[in-house]
Amino acid sequence: MSDDPILRIRGLQKSFGDNHVLRGMDLDVKQGDCIAILGASGSGKSTFLRCLNFMEIPSDGEIIHAGKTVGTARNGKPRLYPEGELTKVRQKVGMVFQQFNLFPHMTVLGNVTEGLRIVQRMDKTGAETRAREELARVGLAEKADEYPARLSGGQKQRVAIARALALAPDLMLFDEPTSALDPELVGEVLNVIRGLADEGRTMLLVTHEVGFAYHVANRVIFMAAGVIQEEGPPEQVLKNPKNPRTQAFLSRHKQFEF
Ligand SMILES: Nc1ncnc2c1ncn2[C@@H]1O[C@H](COP(=O)(O)OP(=O)(O)OP(=O)(O)O)[C@@H](O)[C@H]1O
Ligand SMILES: [Mg+2]
């Protein structure tokens with residue numbers, strides 16, 4: 001295996017009209033990294049993740065996936081991102097959202113096989129075998145024939161995780177995967193994510209669960225004003241932050257913990 005980082009992000013920028021959200025993000029994501037991303041609401045955490053699998057097209061900068069720079073530079077003009085190239089990256093970069101985004105008219109098995117059938121053109125039997133493996137991994141083998149409406153939020157989120165894993169991504173992006181859940185359901189989803197981290201899967205995780213970040217992530221980044229303000233091991237960033245913005249964020253965040 002090559003020593004190239006799975007993802008190398010250089011000078012990543014994203015604007016929406018006049019709103020300059022990302023102003024030069026630099027990050028290397030290495031094999032086996034579990035990187036927690038913290039930052040205030042509106043600081044661009046979701047935008048950052050969405051740029052990494054090209055749900056949003058970056059305004060500037062480079063994303064180098066598995067050693068290959070995505071898109072083509074053009075003299076004096078924005079980089080060109082051919083759709084075929086983006087489809088390939090999206091297959092390797094799985095994403096899990098706060099709101100699950102399951103298809104309500106499909107069974108659990110249907111939701112997990114859909115990408116395998118459409119994107120990877122797997123036959124029905126092969127896709128179902130693969131889907132059942134991933135449902136078993138998240139502890140939902142027996143829910144394969146159920147519809148999403150009959151699942152709890154925690155179960156829906158675990159189906160969404162199985163769906164992303166089924167495509168065998170080399171990087172998983174989690175955008176506040178437990179924020180929409182009732183408190184008693186948060187643990188089952190965090191346990192699945194912790195299991196994936198323990199297996200050595202590479203992931204970026206936007207979360208407000210600072211305690212979880214502390215115990216599971218090997219690196220923590222704090223975003224503000226469109227850049228990474230502070231980056232380091234959880235012990236340093238969460239317990240001894242150097243940057244005043246990180247300090248202020250964490251002290252606000254901890255005011256309701258006891
Ligand atoms: N599709 C879009 N079109 C226009 N503006 C957008 C779009 N997506 C995000 N923004 C803007 O970009 C900024 C960053 O939003 P983003 O959702 O990335 O923040 P966030 O850090 O994920 O916040 P939260 O913690 O609330 O989820 C906000 O000002 C938001 O209004
Ligand atoms: Mg967000």
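This is a short walk through the structure in your viewer, stop by stop. Keep in mind that you are looking at a predicted model.

**Stop 1: the four-stranded sheet**

Start by selecting β2, β1, β4 and β5, which form an open sheet in that order, with antiparallel pairing. Colour β2 and β5 (68-69) differently from the rest: they stand at the edges, and each has a single partner strand, so one side of each has no neighbour in the sheet. Now add α1, which packs on this sheet and touches β1 (7-16), β2 and β4. The direction of α1 makes about 120° with that of β1.

Next, look inside the sheet. β1 and β4 run antiparallel and are joined by five bridges. Which residue stands opposite Ile 9 in β4? Click on Ile 63 to find that partner.

Follow β4 (residues 60-65) onward to β5, its antiparallel partner over two bridges. Here Ile 64 stands opposite Thr 69. The two strands make a hairpin with two residues between them, and Ala 66 in the turn has a positive phi of about 50°.

**Stop 2: a second hairpin**

Move along the chain to β6 (residues 72-74) and β7 (residues 77-80), which run antiparallel and are joined by two bridges. Select Arg 74 and you will find Lys 77 of β7 opposite. This hairpin has two residues between its strands, and Gly 76 takes a positive phi near 75°.

**Stop 3: ligand 1**

Show ligand 1 as sticks, together with the 13 residues around it. Which of them come nearest? They are Ser 41, Gly 42, Lys 45, Ser 46 and Thr 47.

Three distances are good to display:

- Gly 44: a polar backbone atom is 3.0 Å from an oxygen atom of ligand 1.
- Lys 45: an N or O atom of the side chain is 2.7 Å from an oxygen atom of ligand 1.
- Ser 46: a polar side-chain atom lies 2.8 Å from an oxygen atom of ligand 1.

Switch on a surface here if you like. Ligand 1 taken alone exposes 640 Å², and the protein buries 59% of that. Two elements, β2 (19-29) and α1 (45-52), give two or more residues to the shell around ligand 1. The most come from α1, which gives three residues. Colour the shell by class and you will see three nonpolar, seven polar and three charged residues.

**Stop 4: the six-stranded sheet**

Now select the other sheet on this tour. Six strands make up this open sheet, in the order β8-β9-β10-β3-β11-β12, and their pairing is mixed. Which strands stand at the edges? They are β8 (93-96) and β12 (227-232); each has a single partner strand, so one side of each is left without a neighbour in the sheet. Tilt the view to see how neighbouring strands of this sheet are turned against each other, by 20° on average with direction ignored.

Zoom in on β9 (residues 171-175) and β10 (residues 203-206), which pair in the parallel sense over four bridges. Within this pair, Leu 173 has Leu 204 of β10 as its bridge partner.

**Stop 5: two helices across β8 and β9**

Finish by adding helix α2 (residues 83-92), which lies across β8 and β9 and runs at about 65° to β8. Then add helix α5 (residues 153-166): this helix also lies across β8 and β9, running at about 170° to β8.

How values were computed: Residues numbered from 1 in each chain as written. Chains lettered and ligands numbered in written order. Predicted model: local features only at pLDDT ≥ 70, side-chain atom pairs only at ≥ 80, totals over all residues. Heavy atoms only, no water. Pairing = 2+ DSSP bridges. Axes fitted to C-alpha atoms, helices over the stretch in contact; angles between N-to-C directions. Contact = heavy atoms within 4.5 Å. Near = heavy atom within 4 Å. Polar contact = N/O pair within 3.5 Å; in protein donor to acceptor, adjacent residues only side chain to side chain. Areas by Shrake-Rupley, 256 points an atom, 1.4 Å probe, with all protein chains shown as cover. Nonpolar A, V, L, I, M, F, W, Y, C, P; charged D, E, K, R; others polar.
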